[in-house]
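Reader: Hi! I have a model open and would like to walk through it with you. Could you start from one residue and work outwards?

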Amino acid sequence: MINFFKGVAGGIGNIVPGLSGSALLVILGIYDKCIVAISNLFKDFKNSFLFLFPIGCGILFGTFIFSNIIEISLNKFSLATSIIFVGFMIGTLPSLFKQAYKEKFKKSFLIPLIITFLLGVSLLFYKNNFSFEITNYNFLTLIGIGLLIAVSTIIPGISSTVLLTMIGMYDVYIGSINSLNIKVLFFIAIGIFIGFLLLSKLISFLLKKYYSYTFYAIIGFVISTIPALLIEPIIINCEFFIGIVLSIIACFITIIFSNNCN
């Protein structure tokens with residue numbers, strides 16, 4: 001049941017602009033376990049399935065149930081909502097660095113962190129200055145969208161909303177979820193499944209051979225989501241101060257929750 005609610009958090013992360021579902025799974029301490037389970041799905045189907053099933057159900061539940069809630073919150077209280085999510089993300093940082101300390105710290109660990117942070121932030125500016133729209137799409141296009149979602153789901157800090165907005169397909173994706181367009185969602189799901197299998201093998205290998213370097217790279221991606229969340233102009237008003245107060249509360253709650261999870 002706990003893994004189900006962790007999956008719900010991951011599902012919410014997939015639909016919040018600038019946030020990443022996998023970043024939340026890292027924060028909740030189940031990211032590397034999910035990667036191993038996906039990569040071993042055919043080798044150890046029973047155990048992998050039993051571990052992934054509640055998480056997968058939670059992700060689906062979080063995506064479908066909270067898509068409208070998140071959309072309304074961002075439309076009506078965009079600044080406060082964004083600031084609150086920043087509080088959540090900042091509160092996770094102590095837990096993330098604690099997870100990375102499996103071996104003695106080396107200055108070289110900061111290299112992948114800096115590279116992935118810059119890459120994550122550059123995607124935000126790239127999205128704001130460049131985009132093109134796919135006006136006609138078919139099943140191959142939808143499978144491609146699924147692959148992009150898989151990339152953003154497997155790699156923390158890369159937001160599917162950013163990638164899909166860049167190609168003009170975010171409205172198609174979120175609209176198909178809200179309207180339960182099975183025809184569109186089916187081909188997107190195929191792309192997600194293929195992407196999961198391929199990328200999980202790579203990430204699993206890197207975590208086994210180069211755990212600290214890989215985890216610091218993951219932290220860099222996660223940190224890069226913080227400026228991505230502050231996409232709204234900062235206006236000093238009542239909503240701003242409410243957001244600050246709730247953000248501080250969210251930060252402390254997340255620190256306590258992350259410590260308990262890990």
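Author: Happy to. Let's begin with D32, which is partly exposed because its relative accessible area is 22%. Keep in mind as we go that this is a predicted model.

Reader: Which helix does D32 lie in?

Author: D32 belongs to helix α3.

Reader: And which residues does D32 touch, leaving out those up to four places away in sequence?

Author: D32 touches L207 and Y211. There is also a pairing across the sequence to look at: D32 and K208 are 176 residues apart along the chain, and their C-alpha atoms are separated by 9.8 Å.

Reader: Nice. Staying in α3, what about S39, buried or exposed?

Author: S39 is buried, because its relative accessible area is 6%, and the cut-off for buried is under 20%. S39 sits in α3 too, a helix that covers residues 31-39.

Reader: What does the side chain of S39 reach?

Author: The backbone oxygen of V36, at 2.9 Å. Not counting residues up to four places away in sequence, S39 touches S200, K201 and S204.

Reader: There's another serine I'd like to check, S48. Where is the place of S48, and what does its side chain reach?

Author: S48 has its place in helix α4, and its side chain reaches the backbone oxygen of D44 at 2.9 Å. S48 is buried as well, given a relative accessible area of 4%. With residues up to four places away set aside, S48 touches A37, N40 and L41.

Reader: Let me zoom out. How many helices and strands does the protein have?

Author: Twelve helices and zero strands. Of the 262 residues of the protein, 48% count as buried.

Reader: And what share of the contacts with a separation of 6 or more comes from residues 24 or more positions apart?

Author: That share is 84%.

Reader: What about the surface, how much does the protein expose?

Author: About 13400 Å², and carbon and sulfur atoms supply 73% of it.

Reader: OK, on to the interior. Which residues of the largest nonpolar core touch the most other members?

Author: Y31, L52, L96, I154 and I219 do, out of the 35 residues in that core. The elements giving two or more residues to this core are α2 (21-27), α3, α4 (45-76), α5 (78-100), α10 (182-209) and α11 (211-229). The largest share comes from α11, with nine residues.

Reader: Is there a general background to that kind of grouping, or what tends to happen with nonpolar side chains?

Author: In soluble globular proteins, nonpolar side chains tend to be buried together.

Reader: Back to I219, then. Which residues does I219 touch, leaving out those up to four places away in sequence?

Author: I219 touches L96, F97, A100 and L113. Apart from the largest core lies another core, of twelve residues, and among them are I145, M169, I174 and I177.

Reader: Now the outside again. Which residues make the nonpolar surface patch?

Author: F42, L147, F193, I194 and L198 make a patch of about 530 Å². The element that gives the most to the nonpolar patch is α10, with three residues.

Reader: Let me click on L147. Where does L147 lie?

Author: L147 lies in helix α7, which covers residues 139-154. L147 is partly exposed, because its relative accessible area is 34%.

Reader: Changing topic: the later part of the chain. What can you tell me about the place of A250?

Author: A250 is in helix α12, residues 238-261, and A250 is buried, as its relative accessible area is 3%. Its contacts, not counting residues up to four places away in sequence, are I84, G87 and F88.

Reader: How far apart are A250 and F88, in sequence and in space?

Author: A250 and F88 are 162 residues apart in sequence, and 5.3 Å apart in space from C-alpha to C-alpha.

Reader: One last stop, F77. Where is F77 found?

Author: F77 is found in the loop between α4 and α5. Leaving aside neighbours within four places in sequence, F77 is in contact with I72 and E239. F77 and F240 are 163 residues apart in sequence, with 9.6 Å between them in space, C-alpha to C-alpha.

Reader: Great, thanks for the tour!

Key. Residues numbered from 1 in each chain as written. Predicted model: local features only at pLDDT ≥ 70, side-chain atom pairs only at ≥ 80, totals over all residues. Heavy atoms only, no water. Helix = DSSP H or I, 4+ residues; strand = E, 2+ residues; numbered from the N terminus. Buried < 20%, exposed > 50% of the residue type's maximum accessible area, 1.4 Å probe, protein only. Polar contact = N/O pair within 3.5 Å; in protein donor to acceptor, adjacent residues only side chain to side chain. Contact = heavy atoms within 4.5 Å. Core = buried A, V, L, I, M, F, W, Y, C linked by side-chain atoms within 4.5 Å. Patch = residues over 30% accessible without salt bridge, like charges linked within 9 Å, V, L, I, M, F, W, Y side chains within 5 Å. Areas by Shrake-Rupley, 256 points an atom, 1.4 Å probe, with all protein chains shown as cover. Salt bridge = Lys/Arg side-chain N within 4 Å of Asp/Glu carboxyl O.
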